[in-house]
Amino acid sequence: MTVSIESVEPTSVDTPAGQARGAAPGAGASAVSADGHADEVLRQHAEHAFAAELAALAAQDDRPRPARWRLSPWAVATYLLGGTLPDGTEITPKYVGPRRIVEVAVTTLATDRALLLLGVPGTAKTWVSEHLAAAVSGDSTLLVQGTAGTPEEAIRYGWNYAQLLAHGPSREALVPSPVMRAMAEGMTVRVEELTRVPADVQDTLITILSEKTLPIPELGQETQAVRGFNLIATANDRDRGVNELSSALRRRFNTVVLPLPESAEAEVDIVARRVDQIGRSLDLPSVPDGVDEIRRVVTVFRELRDGVTADGRTKLKSPSGTLSTAEAISVVTGGLALAAHFGDGVLRASDVAAGVLGAVVRDQAADRVVWQEYLEAVVREREGWKDFYRACREAGA
Ligand SMILES: Nc1ncnc2c1ncn2[C@@H]1O[C@H](COP(=O)(O)OP(=O)(O)OP(=O)(O)O)[C@@H](O)[C@H]1O
Ligand SMILES: [Mg+2]
């Protein structure tokens, strides 16, 4: 099915018809791809970007599929973790991490419990939820972005006021939320940053998740969830306490915690893969042998994040911002663009130094001190890091 981009914006549910439904601005992905210009889209949805892999999996997947699932749970896990199919098709890993985590997440979606992905920033919660929805339902666009201002309508339904005023409440005047659509069509819906949503709005989900129905009192009707419906929520560890999930709601979820990459090598691997993918989608000339520089960025981020050097010998202060894998990915991508456009085509310390500095030094005063200490005490003394030290000094000047 094609769902236009309006479903991405929770506020659009109560926007007047002319603006909301099928509106031109922002109708980006589906509108453009419908015209056959899918390649022009800046960022494709997972189900489009990996359509070939999903099709190969579906063709060779002979295991039982839960109602309305595009793939069996086994094939969904293979899509996320990567593997080789019987006919030799390579499935690229999307998530790099413990296999069991993915298996538990996928299995949860096949039960009547919803899935809550929890973790510190940049641990791929959003990324995993998008790929799960793409693999299970073939559509990752049924999405509610949770914010402090998320209204109840974003989870239930809104009204097209022109219709409402002209003809009174009716099915035609009702503007379904992504959650309502997912219920009616047996699809996966995603709720991003659930703990940022005000508690009373969160509670709207309780009836939906336990009774599997969404009452519409204005019409004396209800929308009952059909088989295949489920919900994936993400929440940030750091936001915990802002709007803690009520225990009633929490009981409706299976919680899966996504960990930080366990080793530097695993994190280098993740960054290298993602940078390569992003670089290709941005048409950046490929830059070979970037892995040494990626390793240094990852090392710096891990050491500062952990508050201790990799060899465990020197204690460090940590800066205020989170130095997640996601930040390492954007620093390296930025460096790659510099190397490609203004350098000699090789990723060097001078291409990533400014990015590293920008990521570490957020709150100017305190972070700058942390960074200077690290630079002088650790980077300067480290063998083979002279060029990196110099580049960082220049970037900070
Ligand atoms: N273990 C991992 N495997 C694969 N990719 C990863 C992993 N960890 C991080 N990434 C990459 O990091 C990027 C950011 O991830 P994402 O935005 O999903 O993080 P998040 O947990 O939702 O963060 P936030 O809490 O800030 O919303 C993605 O591009 C993703 O590919
Ligand atoms: Mg996220």
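In this predicted model, ligand 1 is surrounded by 19 residues, of which Pro 121, Lys 125, Thr 126, Trp 127 and Ala 326 come nearest. The elements that contribute two or more residues to this shell are α7 (125-137), β10 (230-236), α13 (264-281) and α15 (325-342). Sorted by class, the shell around ligand 1 holds nine nonpolar, eight polar and two charged residues. Because domain 1 (5-257) and domain 2 (264-396) both give residues to the shell, ligand 1 lies between them.

Turning from the ligand to the chain as a whole, one finds 18 helices and 11 strands, and buried residues make up 42% of the 397 residues. Among the contacts in the chain with a separation of 6 or more, 69% are accounted for by residues 24 or more positions apart.

The largest nonpolar core has 63 residues, and those that touch the most other members are Val 76, Tyr 79, Leu 115, Leu 132 and Ala 233. Helix α7 supplies the largest share of this core, six residues, and α7 is also one of the elements that give two or more residues to the shell around ligand 1. Once its neighbours within four places in sequence are left aside, Val 76 is in contact with Leu 71, Val 106, Leu 132, Ala 135 and Val 136. Apart from the largest core lies another, of 33 residues, which includes Val 271, Phe 301, Val 378 and Cys 392.

Which part of the chain lies 8.9 Å from Val 76, C-alpha to C-alpha, although 27 residues apart from it in sequence? The residue in question is Glu 103, which has its place in helix α6 (residues 99-109). With 17 other C-beta atoms within 10 Å, Glu 103 is partly exposed, since a residue counts as buried only if that number is 20 or more.

Among the strands, β7 (residues 188-192) has five of its five residues buried, so it is largely enclosed by the rest of the structure. Thr 188, Arg 190 and Glu 192 point one way from β7, while Val 189 and Val 191 point the other way, and all of them are buried. Strand β4 (residues 143-145) runs parallel to β7 and is joined to it by three bridges, with Gln 145 standing opposite Glu 192. Strand β7 is also joined to β10, again in parallel, by four bridges, and here Val 189 stands opposite Leu 231.

Strand β10, which pairs with β7 and gives two or more residues to the shell around ligand 1, is also the place of Ala 235. This residue has 26 other C-beta atoms within 10 Å and is therefore buried. Leaving aside neighbours within four places in sequence, Ala 235 is in contact with Leu 116, Leu 118, Glu 193, Leu 194 and Thr 195. Of these partners, Thr 195 is 40 residues apart from Ala 235 in sequence, yet the two are 5.9 Å apart in space, C-alpha to C-alpha.

A further pairing has the antiparallel sense, in that strand β8 (residues 213-216) and strand β9 (residues 221-224) are joined over four bridges, with Ile 216 of β8 standing opposite Gln 221 in β9. The hairpin that these two strands form has four residues between the strands, and in it Gly 220 takes a positive phi near 65 degrees.

Methods: Residues are numbered from 1 along each chain as its sequence is written. Chains are lettered from A and ligands numbered from 1 in the order in which they are written. This is a predicted model: local features need pLDDT of at least 70, side-chain atom pairs count only at pLDDT 80 or more; totals for chains, interfaces and linings use all residues. A residue is near a molecule or strand if its C-beta atom, placed from the backbone, lies within 6 Å of it. Ala, Val, Leu, Ile, Met, Phe, Trp, Tyr, Cys and Pro count as nonpolar, Asp, Glu, Lys and Arg as charged, and the others, Gly among them, as polar. Domain bounds come from an automatic or database domain assignment. A residue is buried if 20 or more other C-beta atoms lie within 10 Å of its own, exposed if 12 or fewer, and partly exposed in between; C-beta atoms are placed from the backbone. Two residues are in contact if their C-beta atoms, placed from the backbone, lie within 7 Å. A nonpolar core is a set of buried Ala, Val, Leu, Ile, Met, Phe, Trp, Tyr and Cys residues joined through C-beta atoms within 7 Å. Two strands pair if DSSP finds at least two bridges between them.
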